[in-house]
Amino acid sequence: MVRVLVCDRIDEEGLNLLRGKGFQVDVKLGLPPEELEKTVGGYDVLLVRGKTKVTRRVLEAGKGSLKLVVRVGVGLDNVDVEAARQLGIQVENTPEATVSSVAELTIGLMLAVARSIPEADRTVKAGGWSKEKFMGSLLKGKTLGVIGLGRIGCEVARIARAMGMRVLFYDVLDRSREAREIGCEPLESLEKLLSESDVVTIHVPLTAETRRMIGRRELSLMKPGAILINTSRGAVVDEQALLEFLREGRLAGAGLDVFEEEPPRSLELVKLPNVVCTPHIGAQTVEAQREASLLAARKILRFFGRMD
């Protein structure tokens, strides 16, 4: 019998699919690292989301039995992929499942910042009616710069084009086919994208190369009054530099779903009136969680040759 250890909350539909195929599925949430190391031995599959850190020590503790790690979601920055490769453990994730959810949140953050929606909402609920205070800015006719034209970046670009935005993008990979289909323009450098965009949105994985790729130098290249959106990973942006640029009014605002430390210990950035924040909810829709769970289950079944 194939044994699956589930360490984070996963939609039950995928788990029930595995149970229906004869897999033993044990749900043990919130295991501290040392407990996870003691527990993982004897399991064939480790099923996690972003909260559980699958370190080398965890993988080594599962050596001999552990064959597959599935991360339900997009990023793999919480899994030591290189250690898994060395130990002969396959790693999978489910980036396909959450594309629309993250893209829609990205557009929502753009609108929320451009129109000061959260602050306007708080004002009305407090009994105020400061109509003149909330002079916003149209997104239609503005230029959106997309950093990373992968699945999510493409979907954001499609929606933005439908809203009447000009869309530029920068990617280290050749995305010419996608660009032609969507109608967005490639730029040869990140610097050019930053200097030409009214809104910049980030859609790259967290790697050694992308860590703090948006720092003081990059922020200084952005247009005065531009907006920065980050729904990828918090550490891609230098948060202290962003705080300074927003506080000084050199940027109009920011929409942030992700932070270098989650939850953030310092609340200076999140408390700025021109910052709209959400608690890493890009993938948090009923539809995305169900699809991610089912997709993870199917990948496990395929790995063990049970896709009949």
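The exercises below, each with a worked solution, concern a predicted model.

**Exercise 1. The nonpolar cores**

Determine which residues touch the most other members of the largest nonpolar core, and which elements give two or more residues to this core.

Solution. Begin with the membership: the largest nonpolar core has 31 residues, and those that touch the most other members are Ile-147, Ile-214, Leu-219 and Leu-242. Next, assign the core to elements: helix H9 (190-196), strand E9 (199-202), helix H11 (239-247) and strand E11 (253-256) each give two or more residues, and H11 gives the most, with five residues. Then take Ile-214 and set aside its neighbours within four places in sequence; the residues in contact with Ile-214 include Ile-147, Leu-190, Leu-194, Ile-202 and Leu-219. Finally, a second core, separate from this one, has 29 residues, among them Leu-109, Val-113, Leu-144 and Val-167.

**Exercise 2. Strand order and pairing**

Work out the order of the strands in the open sheet of seven strands, and find which strands are its edges.

Solution. Reading across the sheet gives the order E8-E7-E6-E9-E10-E11-E12, with parallel pairing. The edge strands, each of which pairs on one side only, are strand E8 (185-186) and strand E12 (275-277). Within the sheet, E9 and strand E10 (residues 227-230) run parallel and are joined by four bridges, and Thr-201 stands opposite Ile-229 in E10.

**Exercise 3. The strands paired with E1**

Identify the strands that bridges join to E1, and establish the handedness of the crossover from E1 to E2.

Solution. Strand E1 (residues 3-6) runs parallel to strand E2 (residues 24-27), to which four bridges join it, and the bridge partner of Leu-5 in E2 is Asp-26. Between these strands the chain passes through helix H1 (residues 12-20), and this β-α-β crossover is right-handed. Three bridges join E1 to strand E3 (residues 45-48), also in parallel, with Leu-47 in E3 as the bridge partner of Val-6.

**Exercise 4. An aromatic cluster**

Classify the pair formed by the rings of Phe-23 and Phe-304, and explain which parts of the chain this pair ties together.

Solution. The ring centres of Phe-23 and Phe-304 are 5.9 Å apart and their planes stand at 80°; since planes over 60 degrees apart count as edge-to-face, the pair is edge-to-face. Phe-23 lies in the loop between H1 and E2, whereas Phe-304 lies in the segment after helix H12 (286-303), so the pair ties together parts that are 281 residues apart in sequence. Phe-303 and Phe-304 form an edge-to-face pair as well, at 4.9 Å centre to centre and 75° between the planes. Ring pairs thus link Phe-23, Phe-303 and Phe-304 into a cluster. As to exposure, Phe-23 counts as buried at 4% relative accessibility, while Phe-303, at 31%, counts as partly exposed.

Note on methods
Residues numbered from 1 in each chain as written. Predicted model: local features only at pLDDT ≥ 70, side-chain atom pairs only at ≥ 80, totals over all residues. Heavy atoms only, no water. Core = buried A, V, L, I, M, F, W, Y, C linked by side-chain atoms within 4.5 Å. Buried < 20%, exposed > 50% of the residue type's maximum accessible area, 1.4 Å probe, protein only. Contact = heavy atoms within 4.5 Å. Pairing = 2+ DSSP bridges. Right-handed = clockwise from strand over helix to strand, strands pointing away. Phe/Tyr/Trp six-rings, centres within 6.5 Å; stacked < 30°, edge-to-face > 60°.
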